[in-house]
Amino acid sequence: MERCNLLALSGSLRRLSYNRTALEALRALSPSGISIELGDIGALPLFNPDLEDSPIPALAALKSALARADGLIIASPEYAHGISGPMKNALDWLVSGEEFPGKPIMLVNTSPRASHAQAALREVLVTMSGIIIDSACLSLPLLGSGLARDGILANPALAGSLQAGLIEFCRQIRALQQATLAQGAAVEEQSRCVIG
Ligand SMILES: Cc1cc2nc3c(=O)[nH]c(=O)nc-3n(C[C@H](O)[C@H](O)[C@H](O)COP(=O)(O)O)c2cc1C
C-alpha cells in the first residue's frame, strides 16, 4: 500500500479520555505505510469570526496538519446529547478554510449509547463537505471499561476492530484518490479533443 498520512483528533481534553486512548491505540496498531499524527485542539481559543485573519499558532498548526493529511480520524464524546464543545469549536475554526472540504473522515465512537452526538457530528461534517467513510467508522464499547491504551492493544476484539477500520479507511482513501486522478485525466483528454 502507498503511504497514508492521517490526522487524528480527540473531542475530549480529559487526561484519561477513552477517545484519546482509542486514538493512541489506533496509532500503535498502524501497519507500516500508515502514519497517524495526534492533533491538539485544546489550545484553540473560542471561535470568533473576527479573529479568523489573526495569527493563532494553534490554528495554524491544526490547519497545516490537516492539509498534510490524506484523511481525518475523529473520536469525540457526547456531552448532554451534543457534540463536545472542544470538537465543535475546532470544526467551527475549520469551516471557512480550504483544508477540510473533500477530506475523507473516519469516526470512532467509544460509547455506543452516545447516538445523539454522533448524529449531530455527522450532520456538521457533511455540511462542511467532509466525506465520511462509513465502512471504516467504528463503535467500540470502551466507556466504563477502565481500559488504557495497552489494555486495548491486548484485547484481540478491540485491537482487531481498530486495525481493520484503519486499513479499510486507507483503502477507501486510495480509491477516492485514484477516482479523482482518473476524473482529472478524463477532463484533460476531453479538453484536448475540443481544442484539437
Ligand atoms: C458533562 C457530561 C455530560 C455527558 N453527557 C452524556 C450524554 O448526554 N450521553 C452519553 O452517552 N454520555 C454522556 N456523558 C458521558 C461521556 O460521554 C463519557 O464519560 C465519555 O467517556 C467521555 O469521553 P472521554 O472518556 O473521552 O473523556 C457525559 C459526560 C459529561 C462529563
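**Exercise 1.** Why is the disulfide of cysteine 4 and cysteine 170 left-handed?

*Solution.* The model used here is predicted. Start with the bond itself: cysteine 4 and cysteine 170 are joined by a disulfide, with an S to S distance of 2.4 Å. A pair of cysteine sulfur atoms within 2.5 Å counts as a disulfide, so this pair qualifies. Next, take the torsion about the S-S bond, which is about -85°, so the disulfide is left-handed. Then place the two ends: cysteine 4 belongs to strand β1 (residues 4-10), and cysteine 170 belongs to helix α6 (residues 156-195). The two residues are 166 residues apart, and the pair links distant parts of the chain. The structure holds one disulfide.

**Exercise 2.** Find which atoms of serine 12, tyrosine 18 and glutamate 78 lie beside the ligand, and state how much of the ligand is covered.

*Solution.* Take the oxygen atoms of the ligand first. A polar side-chain atom of serine 12 is 2.7 Å from a ligand oxygen atom. Tyrosine 18 instead uses a backbone N or O atom, which lies 2.9 Å from an oxygen atom of the ligand. Now take nitrogen: a polar side-chain atom of glutamate 78 is 2.7 Å from a ligand nitrogen atom. On its own, the ligand has 630 Å² of accessible area, and the protein covers 69% of that.

**Exercise 3.** Describe the surroundings of the ligand.

*Solution.* The ligand sits in the largest pocket. There are 13 residues around the ligand, and Ser12, Arg14, Ser17, Asn19 and Glu78 come nearest. Sorted by class, the shell has six nonpolar, four polar and three charged residues. Finally, α1 (18-28) and β4 (78-79) each supply at least two residues of this shell.

Definitions and conventions
Residues numbered from 1 in each chain as written. Predicted model: local features only at pLDDT ≥ 70, side-chain atom pairs only at ≥ 80, totals over all residues. Heavy atoms only, no water. Near = heavy atom within 4 Å. Polar contact = N/O pair within 3.5 Å; in protein donor to acceptor, adjacent residues only side chain to side chain. Areas by Shrake-Rupley, 256 points an atom, 1.4 Å probe, with all protein chains shown as cover. 1 Å grid on protein atoms, 1.4 Å probe; cavity = no way out; pocket = protein on both sides within 12 Å on 5 of 7 lines; lining within 4 Å. Sits in = over half its atoms within 2 Å of the grid points. Helix = DSSP H or I, 4+ residues; strand = E, 2+ residues; numbered from the N terminus. Nonpolar A, V, L, I, M, F, W, Y, C, P; charged D, E, K, R; others polar.
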